[in-house]
Amino acid sequence: MIAMTNPPRLIAWELTAGCNLNCVHCRGASTSSVPEGELTTEEAKHFIDEVAELGKPILILSGGEPLTRSDVFEIARYGTDAGLRVVLATNGTLLTPEIVEKLKEAGVQRLSISIDGATAETHDNFRGMPSAFERTLAGIEVLKKADFPFQINATVSKRNLEEIPKTFELAKELGAVAYHVFFLVPTGRGEESDEVSPADYERILHWFYDMQKESEIQLKATCAPHYFRIMRQRAKKEGIEISVKTHGYEAMTKGCLGGTGFCFVSSVGEVYPCGYLPVLAGNIREQPFKDIWENSEVFRKLRNPEELKGKCGICEYKNVCAGCRARAYAATGDYLEEEPYCIYRPGKK
Ligand code: HEM
Ligand SMILES: C[C@H]1O[C@@H](n2cnc3c(N)ncnc32)[C@H](O)[C@@H]1O
Ligand code: SF4
């Protein structure tokens with residue numbers, strides 16, 4: 001019998017690798033110079049057709065900075081008309097009332113805005129632009145006036161670790177519908193020396209668990225698969241059954257969705273498990289997306305927890321966590337190796 005492959009639930013799409021900022025951690029090492037060979041508008045629409053034939057995932061228009069691409073509204077409209085839930089990830093510095101109106105007209109459902117510090121100093125240093133914080137807050141004001149839902153994305157690194165709880169407070173004050181923390185992955189301009197220690201990682205995820213229990217807005221930890229272990233360890237200690245009611249969306253999902261429910265498509269059509277793991281699954285210019293999603297070697301391997309090596313391979317949480325494959329790759333060159341930033345020793349409960 002041939003096993004059915006579920007369609008992706010979420011696709012992040014680097015519409016352009018160009019960007020108006022120059023962030024220290026950028027996975028795409030994006031700059032103002034746009035590399036050649038970006039998918040054309042027609043190629044972008046063809047890709048949307050292929051995706052919509054396979055399923056109806058959330059399509060994240062990302063970058064680079066997606067608002068630097070002039071056909072972004074046309075592409076968003078096309079995705080909306082194809083029945084996809086289209087969202088857009090931006091640094092927020094380019095938002096104007098006109099742009100927000102066009103995003104609305106294109107059917108974009110939500111924006112994510114990156115805020116990596118609770119003060120202008122931290123955020124601007126992170127983002128490589130002196131007035132980035134001010135401009136992003138101004139962008140958020142525009143969104144609020146237009147009643148456009150937005151979430152805040154904050155990336156945790158050594159540079160802002162102690163300010164992370166304050167970025168959560170800021171997200172709530174600003175009226176965000178959700179707060180997603182990303183944990184730095186050392187790829188592109190992201191440096192391993194900026195990653196928080198495994199102990200700090202553990203500490204911040206425990207804080208996150210506490211916040212999630214009491215938060216009115218949705219919280220999500222991205223690129224922190226061990227959160228799903230911590231959630232189970234804590235719930236067990238507290239004698240709580242994990243459900244959507246007690247733990248929100250996180251109760252229904254698992255650590256890393258790369259290759260199982262999620263994939264990343266680059267500005268030139270390359271398909272990867274996520275934007276942080278440079279192991280190519282295929283290129284939509286050369287192969288149908290369905291074929292890449294269903295048959296590529298890297299996706300097939302990532303769908304099988306038995307392929308995991310080291311302590312991840314013997315861990316009782318491997319089905320809900322599976323470690324960050326991009327961090328394993330950055331540390332060892334083998335994406336199936338154990339997650340280097342997890343303090344847990346399997347079997348210790
Ligand atoms: C609504 C439910 C959402 C879910 C379940 C979700 C889930 C995810 C997942 C699983 C990843 C991949 C990270 C990994 O490999 O573990 C991810 C990454 C990402 N998400 Fe979300 N997300 C959601 C909403 C959004 C929204 C609304 C936006 C933007 C408006 C957004 C922006 C992003 C971006 C930009 C990435 C990074 C992609 C990359 O560069 O690889 N997400 N999200
Ligand atoms: C979509 C989100 O991804 C974040 N982002 C960009 N580069 C990295 C990286 N190397 N590691 C983790 N997150 C990153 C952005 O800051 C944005 O908030
Ligand atoms: S992280 Fe986003 S805003 Fe920053 S340089 Fe990269 S693409 Fe631009």
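**Ligand 2**

I began with His25 in this predicted model, and I found that a polar atom of the His25 side chain lies 2.8 Å from an oxygen atom of ligand 2. I then looked at Ser114, where a polar side-chain atom is 2.7 Å from an oxygen atom of ligand 2. For Thr155, I noted a distance of 3.3 Å between an N or O atom of the side chain and an oxygen atom of ligand 2. How much of the accessible area of ligand 2 does the protein cover? On its own ligand 2 has 400 Å² of accessible area, and the protein covers 88% of this.

Next I listed the surroundings of ligand 2, which comprise 13 residues, and wrote down that His25, Arg27, Ser114, Arg127 and Val185 come nearest. Strand 5 (150-156) and strand 6 (178-183) are the elements that give two or more residues to this shell. Sorted by class, the shell around ligand 2 holds six nonpolar, five polar and two charged residues.

**Ligand 3**

I turned to ligand 3 and asked which residues are around it. My list reads Cys19, Leu21, Asn22, Cys23, His25, Cys26, Ser30, Gly64, Asn91, Arg127 and Arg189. His25 and Arg127 are in this list, and I had already entered both among the residues that come nearest to ligand 2. The shell around ligand 3 divides into four nonpolar, five polar and two charged residues.

**Aromatic rings**

I searched the whole structure for aromatic pairs, and the search gave 10. Why is the pair of Phe183 and Tyr201 called stacked? The ring centres of Phe183 and Tyr201 are 4.5 Å apart and the planes stand at 5°, so the pair counts as stacked, because planes under 30 degrees apart fall in that class. I also noted that this pair links distant parts of the chain, with Phe183 in strand 6 and Tyr201 in helix 7 (residues 198-214), 18 residues apart.

**Cavities**

I counted the cavities of 30 Å³ or more and arrived at two. The largest cavity contains about 120 Å³ of space, and of the 14 residues that line it, Cys312, Cys315, Cys321, Cys342 and Tyr344 are the closest to its centre. By class, I recorded eight nonpolar, two polar and four charged residues in the lining of the largest cavity.

The second largest cavity has a volume of about 40 Å³. Which residues line the second largest cavity? I found Val156, Phe183, Leu184, Glu195, Val196, Tyr201, Arg327 and Tyr341 there, so that Phe183 and Tyr201, the stacked pair of my earlier entry, appear again in this lining. The lining of the second largest cavity has six nonpolar and two charged residues, and no polar ones.

**The second largest pocket**

My last entry concerns the second largest pocket, whose volume is about 630 Å³. I noted 30 lining residues for this pocket, with Thr5, Thr260, Leu302, Arg303 and Asn304 lying nearest its centre. The elements that give two or more residues to the lining are helix 10 (289-295) and helix 11 (297-302). Which element gives the largest share of the lining of the second largest pocket? I found that helix 11 does, with three residues. By class, the lining of this pocket has 12 nonpolar, 10 polar and eight charged residues.

Terms used
Residues are numbered from 1 along each chain as its sequence is written. Chains are lettered from A and ligands numbered from 1 in the order in which they are written. This is a predicted model: local features need pLDDT of at least 70, side-chain atom pairs count only at pLDDT 80 or more; totals for chains, interfaces and linings use all residues. Side-chain values use heavy atoms; hydrogens and water are left out. On a 1 Å grid over the protein atoms alone, a cavity is a set of points where a 1.4 Å probe fits but cannot get out, and a pocket is an open set with protein on both sides within 12 Å along at least five of seven lines; lining residues have an atom within 4 Å of a point. Grid points are joined across faces, edges and corners, and a volume is the space filled by probe spheres set on the points. Helices (H or I, at least four residues) and strands (E, at least two) are DSSP runs, numbered from the N terminus. Ala, Val, Leu, Ile, Met, Phe, Trp, Tyr, Cys and Pro count as nonpolar, Asp, Glu, Lys and Arg as charged, and the others, Gly among them, as polar. A residue is near a molecule or strand if one of its heavy atoms lies within 4 Å of it. A polar contact is a pair of N or O atoms within 3.5 Å; within protein, one must be able to donate a hydrogen and the other to accept it, and residues adjacent in sequence count only if both atoms are side-chain atoms. Accessible areas come from the Shrake-Rupley method with a 1.4 Å probe; for residues, only the protein chains shown count as cover. Rings of Phe, Tyr and Trp (its six-membered ring) pair if their centres lie within 6.5 Å; planes under 30 degrees apart count as stacked, over 60 as edge-to-face and the rest as tilted.
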